[in-house]
Amino acid sequence: MACRISELVLGCREPEVLARFWCEVLDFVVLGREEDGSIEIGPREGFGGARPTLVLSPEAEPHPGLPRLHVDVSATDRDQDAELERLLALGARPADVGQTGEESWHVLADPEGNVFCLLKARIEQL
């Protein structure tokens, strides 16, 4: 199979304000809060459905040269390592956006340089 878009990540100054706004716009609910101030919102049925969630990630200012919005993908039928191998063979390449190396995800760039993240599976593989 392939990957699915599991979440869209939006850097923002005020995650709480944007969470309230987008919950109203999309009829979403808050699904979780992280220690760093990130808030994940999504459909009332929760993570893993047909629609991706939206993660509002605090950042004081945009990072020069990086968009404030990026896509996170999750493998649908294989583990993260196998999917990483497949994505690299398709033309993705590792990208450095300041990660520490301790992250559970891989930061990649598509053939035109658009940054995205490959997450560990968050739902049962199909």
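Is V25 buried, partly exposed or exposed, and what is its relative accessible area? I began my entries here, working throughout from a predicted model. I found V25 to be partly exposed, its relative accessible area being 47%, and I placed the residue in helix 1, which covers residues 15-26. I then looked for nonpolar side chains at the surface around it, and noted that V25 forms a patch with F21 and L26 whose area is about 260 Å². V25 can belong to such a patch because its relative accessible area of 47% is over the 30% that a patch residue needs.

**Entry: salt bridges**

I next looked up the salt bridges and wrote down a count of five. In one of them the side chain of E16 meets that of R33, with 3.1 Å from N to O. This pair joins distant parts of the chain, since E16 sits in helix 1 and R33 in strand 2, with their positions 17 residues apart in the numbering. I also checked how open E16 is to the surroundings, and recorded it as partly exposed with a relative accessible area of 36%.

I then turned to R78, for which I noted two partners. With D77, the closest N and O atoms are 3.3 Å apart, while with E83 the closest N and O atoms are 2.7 Å apart. Following the links further, I recorded a salt-bridge network made up of D77, R78, E83 and R86.

Which members of this network did I look up for exposure, and was E83 buried or exposed? I found E83 buried, at a relative accessible area of 0%. D77 came out as partly exposed at 27%, and R78 also counts as partly exposed, at 21% relative accessibility. R78 falls in the partly exposed class because its 21% is not under the 20% that marks a buried residue.

**Entry: the largest pocket**

How much space lies in the largest pocket? I noted about 1000 Å³, with a lining of 33 residues, and I wrote down V9, S57, H70, W105 and C117 as those nearest the centre of the pocket. I then asked which elements give two or more residues to this lining, and listed strand 1 (3-12), strand 2 (29-33), strand 3 (39-42), strand 4 (53-58), strand 5 (69-75) and strand 8 (115-119). Sorting the lining residues by character, I recorded 13 as nonpolar, nine as polar and eleven as charged.

**Entry: D72 and E102**

I looked up D72 next, and found this residue in strand 5. D72 counts as buried because its relative accessibility is 4%, and buried means under 20%. I also took the separation between the C-alpha atoms of D72 and R93, which are 21 residues apart along the chain, and wrote down 15 Å.

My last residue was E102, which I located in the loop between strand 6 (93-94) and strand 7 (106-109). At 71% relative accessibility, E102 counts as exposed. For a long-range check I looked up C23, which is 79 residues from E102 along the chain, and recorded 31 Å between the C-alpha atoms of the two.

Methods:
Residues are numbered from 1 along each chain as its sequence is written. This is a predicted model: local features need pLDDT of at least 70, side-chain atom pairs count only at pLDDT 80 or more; totals for chains, interfaces and linings use all residues. Side-chain values use heavy atoms; hydrogens and water are left out. Patches are made of residues with over 30% relative accessible area and no salt bridge: like charges are joined within 9 Å, nonpolar side chains (Val, Leu, Ile, Met, Phe, Trp, Tyr) within 5 Å. Accessible areas come from the Shrake-Rupley method with a 1.4 Å probe; for residues, only the protein chains shown count as cover. A salt bridge is a side-chain nitrogen of Lys or Arg within 4 Å of a carboxyl oxygen of Asp or Glu. Helices (H or I, at least four residues) and strands (E, at least two) are DSSP runs, numbered from the N terminus. Buried means under 20% relative accessible area, exposed over 50%, partly exposed in between (1.4 Å probe, protein chains only). On a 1 Å grid over the protein atoms alone, a cavity is a set of points where a 1.4 Å probe fits but cannot get out, and a pocket is an open set with protein on both sides within 12 Å along at least five of seven lines; lining residues have an atom within 4 Å of a point. Grid points are joined across faces, edges and corners, and a volume is the space filled by probe spheres set on the points. Ala, Val, Leu, Ile, Met, Phe, Trp, Tyr, Cys and Pro count as nonpolar, Asp, Glu, Lys and Arg as charged, and the others, Gly among them, as polar.
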